[in-house]
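Me: Please take a close look at one part of this model: the charged pairs and their surroundings. Keep it brisk, and give the cut-offs as you go.

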Amino acid sequence: MAEDETADGTEEDGPAKKSKLPLIIGAVLACAGAGGGFLAASSGLILGSDAAPEMAEEEPILVEPLNGIAFIELDPLVINLRQSSRTAHLRFVAHLEVNQQAEADVTLLLPRILDVLNNYLRAVDLEELEQPGSLIRLRSQMLRRIQIVAGEERVRDLLISEFVVN
């Protein structure tokens with residue numbers, strides 16, 4: 001019998017399967033070469049060996065202190081949230097980021113700000129609070145209402161410290 005014939009005397013069709021070992025070895029060597037090249041370039045062994053020491057000797061960048069910003073703590077709010085079948089409570093604690101020149105004006109308006117927040121949060125459905133991303137929407141709505149009451153140029157941001165539904 002010839003080598004190309006099978007036991008029943010017919011010839012095999014198609015080429016023999018090739019091994020994937022050379023492909024795997026090539027991929028591993030390419031990854032190792034890329035990693036070694038990156039390590040050599042980042043450590044300064046290749047392309048600019050004197051650049052790395054200069055970067056180490058630079059002085060750290062100093063951040064200027066924040067001037068003109070003040071924070072006003074809002075009184076905690078506890079809101080009853082009712083739905084047809086159940087009742088829940090929302091505990092809300094926040095701070096207002098204001099321009100320092102407007103701190104006294106915004107502090108004077110705190111009762112009105114708390115009233116706006118209280119009325120808005122009472123109108124929110126419990127189902128809406130359980131949705132993902134609802135806090136972002138609520139925060140932007142509350143900030144907009146606060147800015148309408150106090151003035152957009154006075155209140156910069158609303159920072160929520162506590163938002164717990166139970």
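Reply: Buried means under 20% relative accessible area, exposed means over 50%, and partly exposed is in between, with a 1.4 Å probe and protein chains only. The model is predicted, so local features need pLDDT of at least 70 and side-chain atom pairs count only at pLDDT 80 or more, while totals for chains, interfaces and linings use all residues. Residues are numbered from 1 along each chain as its sequence is written, and side-chain values use heavy atoms, with hydrogens and water left out.

Confidence comes next. The protein chain has a mean pLDDT (the predictor's confidence in each residue, from 0 to 100) of 83. In that chain, 81% of residues reach 70 or more. Helix α3, residues 103-108, has the highest confidence, at 96. Helix α2, residues 51-57, has the lowest, at a mean of 52. Helices (H or I, at least four residues) and strands (E, at least two) are DSSP runs, numbered from the N terminus.

Now the charged pairs. Side chains of opposite charge can pair when their charged atoms come close. A salt bridge here is a side-chain nitrogen of Lys or Arg within 4 Å of a carboxyl oxygen of Asp or Glu. By that rule there are five salt bridges. Among them is Glu162 with Arg91, whose closest N and O atoms are 2.7 Å apart. This pair links distant parts of the chain: Glu162 sits in strand β4, Arg91 in strand β3, and 71 residues separate them. Glu162 counts as partly exposed because its relative accessibility is 28%. Arg91 is also partly exposed, at 34%.

Another of the five joins Arg156 to Glu97, with 3.3 Å between the closest N and O atoms. Arg156 belongs to β4 and Glu97 to β3, so this bridge ties together parts 59 residues apart in sequence. The two ends sit in unlike surroundings: Arg156 is partly exposed at 43%, whereas Glu97 is buried at 13%.

Arg144 and Glu152 form a further salt bridge, again with closest N and O atoms 3.3 Å apart. Arg144 is partly exposed, with a relative accessible area of 41%. Glu152 counts as exposed because its value is 51%.

Back to Glu97. Setting aside residues up to four places away in sequence, its contacts (heavy atoms within 4.5 Å) include Ile69, Ala70 and Phe71. They also include Arg154, Val155, Arg156, Asp157 and Leu159.

Asp157 is in strand β4. Outside its neighbours within four places, Asp157 contacts His95, Leu96, Glu97, Arg139 and Leu143. The side chains of Asp157 and Arg139 make a polar contact at 2.4 Å. A polar contact is a pair of N or O atoms within 3.5 Å; within protein, one must be able to donate a hydrogen and the other to accept it, and residues adjacent in sequence count only if both atoms are side-chain atoms.

Leu96, a contact of Asp157, leads to the core. A nonpolar core is a set of buried Ala, Val, Leu, Ile, Met, Phe, Trp, Tyr and Cys residues joined through side-chain atoms within 4.5 Å. The largest one has 30 residues, and Leu74, Leu96, Val106 and Ile113 have the most contacts inside it. Elements supplying at least two residues each include β3 (87-99), α6 (134-150) and β4 (155-165). Beyond four places in sequence, Ile113 touches Leu74, Leu96, Val106, Ile146, Val149 and Ala150.
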